[in-house]
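Got your viewer open? Load the model below and follow along, one selection at a time.

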Amino acid sequence: MSLMLNKLNNMRLLRAMSREFSIDVLDEMLEKVRVVTEEKRAQAQEQRQSQAQKQEKISTWLEAMQAEGISVQDLFTTAPGVCDGVKKRAPRPAKYRYTDVNGEMKTWTGQGRTPKPIAQALAGGKSLNDFLI
């Protein structure tokens, strides 16, 4: 908790702080705290009501499903012709060919990090067109 909240929750500290204020100022503070408290209660009540409405709708749907002979598990099984998941795209074709430090021929699609042999050649003055397949 913050230091101010600790002071407000501690009766002894609250009494010590209240000595600095007049009764009128303390009454204003009290009224503001009451307003904030009522707003918080109203918000909590709205949340409870919306949760109750949501639960009521779920219960209604479950009863309707049971009346039709549909189980909850039936909702999660895939129907024929329905996609089972995310389709992966085909791998990109290679655009560039280079020789690595071991002397092996390798390819690169041109996406992602530039391979070190190509990066070194580019720094040495070559162009990517020199590596095109």
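What share of the 133 residues in the chain do buried residues make up? Color by relative accessible area and you'll find the answer: 7%. Keep in mind while you look around that this is a predicted model.

**Whole chain**

Start with everything selected, in cartoon view. The chain has five helices and two strands, and from the N terminus on they run α-α-α-α-β-β-α. The radius of gyration of the chain is 35 Å, well over the 14 Å that the globule rule gives for 133 residues, so the chain is more spread out than a compact globule. Line the view up with the principal axes, and the C-alpha trace spans about 85 × 60 × 25 Å.

Now bring up the contacts. Of those in the chain with a separation of 6 or more, 19% are between residues 24 or more positions apart.

Switch to a surface next. The accessible surface of the chain is about 12,000 Å², and carbon and sulfur atoms own 54% of that area. For a charge view, pick out the 21 positive and 16 negative charges: their mean positions sit 13 Å apart.

**Residues 26-55**

Select 26-55. An unreviewed UniProt entry places a "coiled-coil region" here. In the model this span is 100% helix and 0% strand, with 43 Å between its end C-alpha atoms.

While you're here, click on Gln49, which is found in helix α3 (residues 23-68). Is Gln49 buried or exposed? Neither label fits: Gln49 is partly exposed because its relative accessible area is 45%, and that class lies between the 20% and 50% cut-offs. Next, draw a distance from the C-alpha of Gln49 to that of Phe76, 27 residues away along the chain; your viewer should show 29 Å.

**Residues 86-133**

Move the selection to 86-133. The unreviewed UniProt entry gives this stretch as "domain: DNA-binding protein H-NS-like C-terminal". Here the model has 17% helix and 17% strand, and the end C-alpha atoms of the span lie 31 Å apart.

**Residues 111-116**

For the last stop, narrow down to 111-116. Which annotation covers residues 111-116 in UniProt? The unreviewed entry calls them a "DNA-binding region". This short span is 17% helix and 0% strand, and a distance drawn between its end C-alpha atoms comes to 14 Å.

How values were computed: Residues numbered from 1 in each chain as written. Predicted model: local features only at pLDDT ≥ 70, side-chain atom pairs only at ≥ 80, totals over all residues. Heavy atoms only, no water. UniProt positions renumbered as here; feature names shortened; annotations may be inferred. Helix = DSSP H or I, 4+ residues; strand = E, 2+ residues; numbered from the N terminus. Rg over C-alpha atoms; globule rule 2.2 N^0.38 Å. Buried < 20%, exposed > 50% of the residue type's maximum accessible area, 1.4 Å probe, protein only. Contact = heavy atoms within 4.5 Å. Areas by Shrake-Rupley, 256 points an atom, 1.4 Å probe, with all protein chains shown as cover. Lys, Arg positive; Asp, Glu negative; His and termini not counted. Charge placed at Lys NZ, Arg CZ, Asp CG, Glu CD.
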